Every structure is written in structure tokens, then in C-alpha cells.
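Here's a quick briefing to read with the model open beside you. Let's begin with one strand and work outwards from there.

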Amino acid sequence: MKYTVSIEIALPRERVAQLLADPAHMPNWLRGLVLHEPMSGTHGQVGTESRVVMQTGKQTMEATETITRREPADLHGIPRDSVVHFDREIVAEGMWSAARERLTEAGPETTLWESENEHRFSSVPMRLVGLVMPGAFRKQTRRHMQDFKAFAEQGTDVREATR
């Protein structure tokens, strides 16, 4: 299953990239995040493997995330015409997924965030979820992006919104 979701954020691209790359901010906008800790490497750098635990309702999912691309490596002084790339692979029981994030300038103070996603299922239960509820994956991606936008633009914290 493949899909792409995009959103405009009313902040300069460099600031958006810095906020996305900072692990301290992840709990503010990544709804359901219980844990995100590097097992090897430095958070956000290519090759880093992290243990990720997410919770939705009573369901808990544990996965391993590997950063496969980050360009440019330095998120300060990014040239105007370049595209910022954050790519990662996530492996969980019965599932493999890849997310390819692109940040481009939509205007002097506006960033276009495009998230291209691919999911492959290896277990029968996950294949059924993919067949019965394919829109749920797109909806969750869009929700995370909207939550990030609210955090970046207004400082909204998803942990406060869910209490």
C-alpha cells in the first residue's frame, strides 16, 4: 500500500526541519508516542536505529525505526532551492513501512511538507487490517502532520488536548 499526504505549515522551511528533527519535541506532536529511544547511533542521523513504542487506545505497538536519509545533514543555512529529506524505515511484527518526508519552500514563510508512505504486511492479521482499513493508515499520517502543524504554528501539545 502506498500513499502521499501533504500539508502547508506557516513557518520557514529551516525552522520546520529543525522542529521535526528535534527529539525533545516529538511528544508534543506525535500522538500516542510512549517511547522513542536510539539503540545505536545519534537520534535523527542516517543509520540510527531507535526503539519506538506507540499506543492507540489499549493497543501498544513496538517497532524499530532506521533513519535511511537526512539531507542536508546540517539544518542551519539550508540553500533556498534545496529540498530537505527525512527518510526512515519502520519494522514491527507483521509489518514493514517506509516514510519519505520532503520539505520545500512554498513561500518565504511557508513550508510544504509531503510525506510519501509505503506499507508491506507479512502477517495475516496485518494483511487483513491493510485490506479492511487501508484509509486508517493515511488518516493516521494526516493526523500526525496536522498535530505537528498545530504544535509548530501555535505551540499546541497533543498531550494536553487528549486529557
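Start with strand 1, where the side chains take turns: Tyr3, Val5, Ile7 and Ile9 point to one face and are buried, while Lys2, Thr4, Ser6 and Glu8 point to the other face and are not buried. That fits the general picture, as side chains in a regular strand alternate between the two faces of the sheet. Bear in mind that this is a predicted model.

**The sheet**

- Strand 1 belongs to an open sheet of seven strands, ordered 1-7-6-5-4-3-2 and paired antiparallel.
- Which strands stand at the edges? They are strand 1 (2-9) and strand 2 (33-40); each has a single partner strand, so one side of each goes without a neighbour in the sheet.
- On average, neighbouring strands in this sheet are turned by 25° against each other, if you ignore direction.
- For strand 1, eight bridges make the join to strand 7 (residues 110-121), and the two run antiparallel.
- Want landmarks for that pairing? Val5 sits opposite Ser115 in strand 7, and Ile7 sits opposite Trp113, also in strand 7.

**Helix 1 and the nonpolar core**

- Helix 1 (residues 13-21) packs on the sheet and touches strand 1, strand 4 (59-71), strand 5 (84-92), strand 6 (95-107) and strand 7.
- The direction of helix 1 makes about 155° with that of strand 6.
- The largest nonpolar core has 29 residues, and the members touching the most other members are Ile9, Leu20, Phe86, Leu103, Trp113 and Phe148.
- Elements giving two or more residues to this core are strand 1, helix 1, helix 2 (26-29), strand 3 (49-56), strand 5, strand 6, strand 7 and helix 4.
- Ile9, on the buried face of strand 1, turns up again among the contacts of Phe148.
- Leaving out neighbours within four places in sequence, Phe148 is in contact with Ile9, Val16, Leu19, Leu20, Trp29 and Trp113.

**Asp147 and Arg31**

- Asp147 is in helix 4 (residues 134-154).
- Is Asp147 buried or exposed? Asp147 has a relative accessible area of 9%, and it counts as buried because that is under 20%.
- Again skipping neighbours within four places in sequence, Asp147 is in contact with Trp29, Arg31 and Val158.
- Arg31 and Asp147 form a salt bridge, with 2.8 Å between the closest N and O atoms.
- Arg31 lies in the loop between helix 2 and strand 2 and Asp147 in helix 4, so this pair ties together parts that are 116 residues apart in sequence.
- Arg31 has a relative accessible area of 21%, which makes it partly exposed.

**Other salt bridges**

- How many salt bridges does a search of the whole structure find? The search turns up 15.
- One of them joins Glu65 and Arg88, whose closest N and O atoms are 3.3 Å apart.
- That pair links distant parts of the chain, with Glu65 in strand 4 and Arg88 in strand 5, 23 residues apart.
- Glu65 is buried, at 8% relative accessible area, whereas Arg88 counts as partly exposed at 25%.
- Arg102 and Glu114 form another salt bridge, and their closest N and O atoms are 3.7 Å apart.
- With Arg102 in strand 6 and Glu114 in strand 7, the pair ties together parts that are 12 residues apart in sequence.
- Glu114 is partly exposed, with a relative accessible area of 23%.
- Both Arg102 and Glu114 belong to a network of salt bridges that also links Arg100, Glu116, Glu118 and Arg120.

**Gln45, out in a loop**

- Gln45 is in the loop between strand 2 and strand 3.
- Gln45 is partly exposed, with 30% relative accessible area.
- Which residues does Gln45 touch, not counting those up to four places away in sequence? They are Ile67 and Arg70.
- Measuring the gap to Ala73 on the model, C-alpha to C-alpha, gives 7.7 Å in space, though Gln45 and Ala73 are 28 residues apart in sequence.

Notes
Residues are numbered from 1 along each chain as its sequence is written. This is a predicted model: local features need pLDDT of at least 70, side-chain atom pairs count only at pLDDT 80 or more; totals for chains, interfaces and linings use all residues. Side-chain values use heavy atoms; hydrogens and water are left out. Helices (H or I, at least four residues) and strands (E, at least two) are DSSP runs, numbered from the N terminus. Buried means under 20% relative accessible area, exposed over 50%, partly exposed in between (1.4 Å probe, protein chains only). Contact means heavy atoms within 4.5 Å. Two strands pair if DSSP finds at least two bridges between them. Axes are lines fitted to C-alpha atoms, for helices over the stretch in contact, and angles run from 0 to 180 degrees between N-to-C directions. A nonpolar core is a set of buried Ala, Val, Leu, Ile, Met, Phe, Trp, Tyr and Cys residues joined through side-chain atoms within 4.5 Å. A salt bridge is a side-chain nitrogen of Lys or Arg within 4 Å of a carboxyl oxygen of Asp or Glu.
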